[in-house]
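Q: Please take a close look at one part of this model, the second largest pocket. What lines the second largest pocket, and which domains and elements supply that lining? Go on from there to the ligand site and the backbone details.

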Amino acid sequence: MADSFDVIVIGGGPGGYVCAIRAAQLGLKAACVENRGTLGGTCLNVGCIPSKALLQSSHLFEEANHSFAAHGIKVGKVELDMNTMLARKDDVVKQNTSGIEFLFKKNKVTYIKGTGRIAKTARGAHEVAVKTLDGKNETYSTKYVVIATGSETTPLPGVAIDEKQIVSSTGALTLAKPPKSMVVIGAGVIGLEMGSVWRRLGTEVTVVEFLDVILPPMDGEVRKQMQRILERQGMKFKLSTKVTKAQAAKSGVTLTLEPAQGGASETLTAETVLVAIGRRPFIEGLGLTEVGVKVSNRGFVEVDGNFQTNVEGIFAIGDVIGGQMLAHKAEDEGVATAEIISGQTAHINYDAIAGVVYTWPEVAGIGKTEEQLKDAGVAYKTGKFPFTANSRARANGDMDGFVKILADEKTDRVLGCHIIGPEAGDLIMEVALGMEFGAAAEDIARTCHAHPQLGEAVKEAALNVDKRAIHI
Ligand code: FAD
Ligand code: NAD
């Protein structure tokens with residue numbers, strides 16, 4: 001036996017590394033097994049961070065091309081240096097992933113580089129077998145195991161990903177130059193974010209979506225307006241359409257499309273195809289069947305309200321247990337699980353977790369959508385405020401979008417908030433805090449907001465829940 005621990009976390013993504021650090025902070029002897037070679041999981045290596053680095057670079061490129069002139073700034077011909085843009089992105093990733101290694105050292109978390117498998121399980125004494133990255137087999141004993149192995153791209157039958165012509169989000173982060181044309185399959189978060197990156201850099205982007213809407217879980221009004229904004233930016237949409245086949249050739253990829261409900265097929269050719277139809281849990285090689293850990297028919301590890309699986313002492317968090325596949329949700333589950341293991345109580349309010357789409361303008365949503373409130377028969381009030389009426393948005397020249405707050409008709413308690421607008425992801429956080437404290441729309445409306453700030457649009461939307469906004 002190589003060593004023994006209180007907690008071994010399998011997977012070093014935002015769920016796993018945060019869980020291991022919190023466990024160590026609480027005085028537990030913690031280890032984290034990760035097989036990628038770097039810490040930070042999907043999010044830091046091939047997800048949140050590299051995509052945001054490219055979104056920022058491509059946003060600046062678009063601003064320099066189309067917005068500087070209105071500010072009286074002449075820049076001449078703006079040129080793209082793709083190598084530098086990609087190298088900067090890789091450097092941002094490296095800084096972040098090595099930062100986690102530093103945090104492990106600081107908190108005395110043991111970092112085991114290899115692939116973990118739950119080899120044996122007994123009450124209070126589990127065994128994790130690790131095949132190390134340098135080819136050794138080691139076994140560790142532990143009181144608790146936390147499964148945090150994340151997710152992977154959902155494949156689309158008939159469309160084989162080669163990460164060159166037909167790419168997943170990972171391949172879409174490393175294209176050597178903007179393709180002339182790109183078809184994105186799936187109008188979800190990845191499709192719209194990565195589609196925006198390449199459109200801004202000059203690619204003709206067409207998004208093919210099975211449903212008749214984009215961003216399906218978002219509020220209906222947000223979905224409709226965002227589609228109009230993206231179309232105005234030059235992105236094309238083919239909704240209610242399914243892809244049945246992809247044929248890659250030197251000249252490009254030919255896709256066969258059909259109406260979602262069936263009917264006559266057509267073809268669409270593009271230099272590059274991005275498959276972004278969702279992600280599925282990753283549990284391969286973990287030994288779950290052998291030790292009797294239950295998984296759902298979609299492959300998600302099943303847990304109770306304390307993140308414990310059906311096997312005592314084995315917990316699971318993050319993308320691998322389903323729900324919103326978001327880094328901050330995984331992190332909060334990591335903290336809660338470490339605290340539960342150490343004997344504390346912990347709880348996550350899933351109604352107060354914001355989802356953000358980092359297009360420009362950004363889209364952010366928290367709590368219930370209007371459709372969900374209607375379906376549940378909840379009586380609610382709506383307060384809306386457009387960014388055209390916000391002085392800072394005007395000064396910045398970023399006036400697309402609005403803030404919408406939904407509050408309970410009787411109690412005025414905030415039930416949801418939906419924003420399209422500049423920095424929507426940051427703006428929604430005051431609503432998240434309010435919802436955690438059970439705030440009423442009146443509480444937000446009575447809070448003095450600094451001027452001139454984009455956040456005044458949130459205050460005005462809260463005022464408008466009772467139809468008393470000042471600036472419209
Ligand atoms: P992961 O981050 O997937 O980490 C799991 C880790 O476990 C991986 O490193 C894997 O290699 C490792 N592993 C798996 N099996 C084993 C094993 N047997 N032994 C050892 N190691 C193993 N979310 C946001 O909130 N905001 C964003 O802006 C955002 N952008 C994204 C952009 C893209 C392109 C993608 C793909 C995702 C994005 N996400 C974003 C989602 C986010 O990345 C995930 O929700 C998050 O990473 C989930 O964290 P996790 O810890 O559950 O799993
Ligand atoms: P998604 O679930 O956001 O969107 C997938 C889209 O593909 C949906 O609109 C769905 O209707 C559509 N679709 C499904 N099957 C299809 C088919 N056969 N043909 C055409 N369209 C089809 O998934 P994603 O964009 O792949 O992202 C995966 C996960 O990663 C998401 O859960 C998301 O939360 C997370 N993520 C988050 C961020 C962020 O927080 N900013 C960014 C990227 C990814």
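**The second largest pocket and its surroundings**

A: In this predicted model, domain 1 (3-152 + 281-348) and domain 3 (352-465) each contribute at least three residues to the lining of the second largest pocket. The volume of this pocket is about 370 Å³. Its lining numbers 16 residues, and those closest to the centre are Glu63, Ser67, Trp360, Gly397 and Asp398.

Two helices stand out in the lining. Helix H3 (48-66) and helix H7 (220-233) each provide at least two of its residues. H3 has the largest share, with 4 residues. Sorted by class, the lining holds 7 polar, 5 charged and 4 nonpolar residues.

Trp360, one of the residues closest to the pocket centre, also takes part in a cis peptide bond. Its partner is Pro361, and omega is about 0 degrees. Pro361 sits in the loop that runs between strand S17 (355-357) and strand S18 (362-367).

H3 leads on to the ligand site. Its residues also help to form the shell around ligand 1, where H3 is among the elements that give two or more residues. That shell has 39 residues, with Gly15, Glu34, Thr42, Lys52 and Ala327 the closest. By class, 19 are polar, 15 nonpolar and 5 charged.

Polar contacts can be picked out one by one. The side chain of Glu34 places an N or O atom 2.9 Å from an oxygen atom of ligand 1. A polar backbone atom of Gly116 is 2.9 Å from a nitrogen atom of the ligand. At Met325, a backbone N or O atom lies 3.2 Å from a ligand oxygen atom. Ligand 1 taken alone exposes 1,000 Å², and the protein buries 94% of that area.

Besides H3, the elements that give two or more residues to this shell are helix H1 (14-25), strand S2 (30-34), helix H2 (41-46), strand S3 (110-120) and helix H9 (327-341). H2 gives the most, with 4 residues.

Two further backbone details complete the tour. The peptide bond from His451 to Pro452 is cis, and its omega is near -5 degrees. Pro452 belongs to the loop between helix H13 (441-446) and helix H14 (456-464). Ser240 is not a glycine, yet its phi is positive, at about 50 degrees. Ser240 is found in the loop between strand S10 (236-238) and strand S11 (241-249).

Methods
Residues are numbered from 1 along each chain as its sequence is written. Chains are lettered from A and ligands numbered from 1 in the order in which they are written. This is a predicted model: local features need pLDDT of at least 70, side-chain atom pairs count only at pLDDT 80 or more; totals for chains, interfaces and linings use all residues. Side-chain values use heavy atoms; hydrogens and water are left out. On a 1 Å grid over the protein atoms alone, a cavity is a set of points where a 1.4 Å probe fits but cannot get out, and a pocket is an open set with protein on both sides within 12 Å along at least five of seven lines; lining residues have an atom within 4 Å of a point. Grid points are joined across faces, edges and corners, and a volume is the space filled by probe spheres set on the points. Ala, Val, Leu, Ile, Met, Phe, Trp, Tyr, Cys and Pro count as nonpolar, Asp, Glu, Lys and Arg as charged, and the others, Gly among them, as polar. Domain bounds come from an automatic or database domain assignment. A residue is near a molecule or strand if one of its heavy atoms lies within 4 Å of it. A polar contact is a pair of N or O atoms within 3.5 Å; within protein, one must be able to donate a hydrogen and the other to accept it, and residues adjacent in sequence count only if both atoms are side-chain atoms. Accessible areas come from the Shrake-Rupley method with a 1.4 Å probe; for residues, only the protein chains shown count as cover.
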